Amino acid sequence: YNNIGICHRYSGDYPQAEKCYKLALNALQFSSLANEMTLATTYNNLGDLLSEYKQYGRALVYFKQALSI
């Protein structure tokens, strides 16, 4: 879902990108195969996306989650 979110983001479909990033986070949080770097990258991608459409408060939450890993 993370890579699909990246594609939507680059095509300008920010709402769909956000949805995909959140699906990726959900899958990673409940997967025994997830590693910390992938989880942190997905949090960071979601923060970047939210920053692009000026939702800085929400973006900051995800950036902090990425840093805490």
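**Start at Gly47.** Select Gly47 first: with 0% relative accessibility, this residue counts as buried. The model you have open is a predicted one. Gly47 sits in helix 3, which covers residues 36–52. Now show what surrounds Gly47: setting aside residues up to four places away in sequence, Gly47 touches Ala59, Tyr62 and Phe63. For a distance to draw, connect the C-alpha atoms of Gly47 and Gly5; they are 12 Å apart in space and 42 residues apart in sequence.

**Zoom out to the whole chain.** Colour by secondary structure and you will find four helices and zero strands in the protein chain. Read from the N terminus, the order of elements is α-α-α-α. The radius of gyration is 11 Å, close to the 11 Å that the globule rule gives for 69 residues, so the chain is as compact as a globular protein of that length. If you align the view to the principal axes, the C-alpha trace spans about 30 × 25 × 15 Å.

Keep this view for a few totals. Of the 69 residues in the protein chain, 32% are buried. Turn on the surface: the chain exposes about 4400 Å², and carbon and sulfur atoms supply 58% of that area. Next, colour by charge to pick out 6 positive and 5 negative side chains; the centres of these two sets lie 6 Å apart. If you like contact maps, take the contacts between residues at least 6 apart in sequence: 40% of them join residues at least 24 apart.

**Select Tyr21.** Move to helix 2, residues 14–29, where Tyr21 has its place. Is Tyr21 buried or exposed? At 0% relative accessibility, Tyr21 counts as buried. Show the neighbours of Tyr21 beyond four places in sequence, and the list reads Asn2, Gly5, Ile6, Arg9, Thr42, Asn45, Leu46 and Leu49. Among these, Asn2 belongs to helix 1 (residues 2–10), while Thr42 is in helix 3, as is Asn45. To step away from this cluster, draw a line from the C-alpha of Tyr21 to that of Glu36: the two are 15 residues apart along the chain and separated by 15 Å.

**Add Asn2.** Keep Tyr21 on screen and select Asn2 in helix 1. Its relative accessibility is 17%, and Asn2 counts as buried because the cut-off for that class is under 20%. Which residues does Asn2 contact once neighbours within four places in sequence are left aside? They are Tyr21, Ala24, Thr42 and Asn45.

**Add Asn45.** Asn45 is in helix 3 and is buried, with a relative accessible area of 11%. Here is a pair worth a dashed line in your viewer: the side chain of Asn45 makes a polar contact with the side chain of Asn2, at 3.0 Å. Apart from residues up to four places away in sequence, Asn45 touches Asn2, Ile6, Arg9 and Tyr21.

**Add Thr42.** Staying in helix 3, select Thr42. Thr42 is buried, and its relative accessible area is 0%. Where does the side chain of Thr42 reach? Follow it to the backbone oxygen of Thr38, 2.9 Å away. With residues up to four places away in sequence set aside, Thr42 touches Asn2, Tyr21, Ala24, Leu25 and Leu28.

**Visit Asn26.** Back in helix 2, pick Asn26. This residue counts as partly exposed, at 42% relative accessibility. Measure from Asn26 to Tyr1: their C-alpha atoms are separated by 9.9 Å, with the two positions 25 residues apart along the chain.

**Finish at Lys54.** The last stop is the loop between helix 3 and helix 4 (56–68), where you will find Lys54. Lys54 counts as exposed at 60% relative accessibility. Check its backbone torsions too. Most residues other than glycine have a negative phi. Lys54 is not a glycine, yet it has a positive phi of about 55 degrees. One closing selection ties this stop to an earlier one: Asn2 and Lys54 are 52 residues apart in sequence, and 21 Å apart in space from C-alpha to C-alpha.

Notes: Residues are numbered from 1 along each chain as its sequence is written. This is a predicted model: local features need pLDDT of at least 70, side-chain atom pairs count only at pLDDT 80 or more; totals for chains, interfaces and linings use all residues. Side-chain values use heavy atoms; hydrogens and water are left out. Helices (H or I, at least four residues) and strands (E, at least two) are DSSP runs, numbered from the N terminus. The radius of gyration is taken over C-alpha atoms; the globule rule is 2.2 Å times the number of residues to the power 0.38. Buried means under 20% relative accessible area, exposed over 50%, partly exposed in between (1.4 Å probe, protein chains only). Contact means heavy atoms within 4.5 Å. Accessible areas come from the Shrake-Rupley method with a 1.4 Å probe; for residues, only the protein chains shown count as cover. Lys and Arg count as positive and Asp and Glu as negative; His and the chain ends are not counted. The place of a charge is taken as NZ of Lys, CZ of Arg, CG of Asp or CD of Glu. A polar contact is a pair of N or O atoms within 3.5 Å; within protein, one must be able to donate a hydrogen and the other to accept it, and residues adjacent in sequence count only if both atoms are side-chain atoms.
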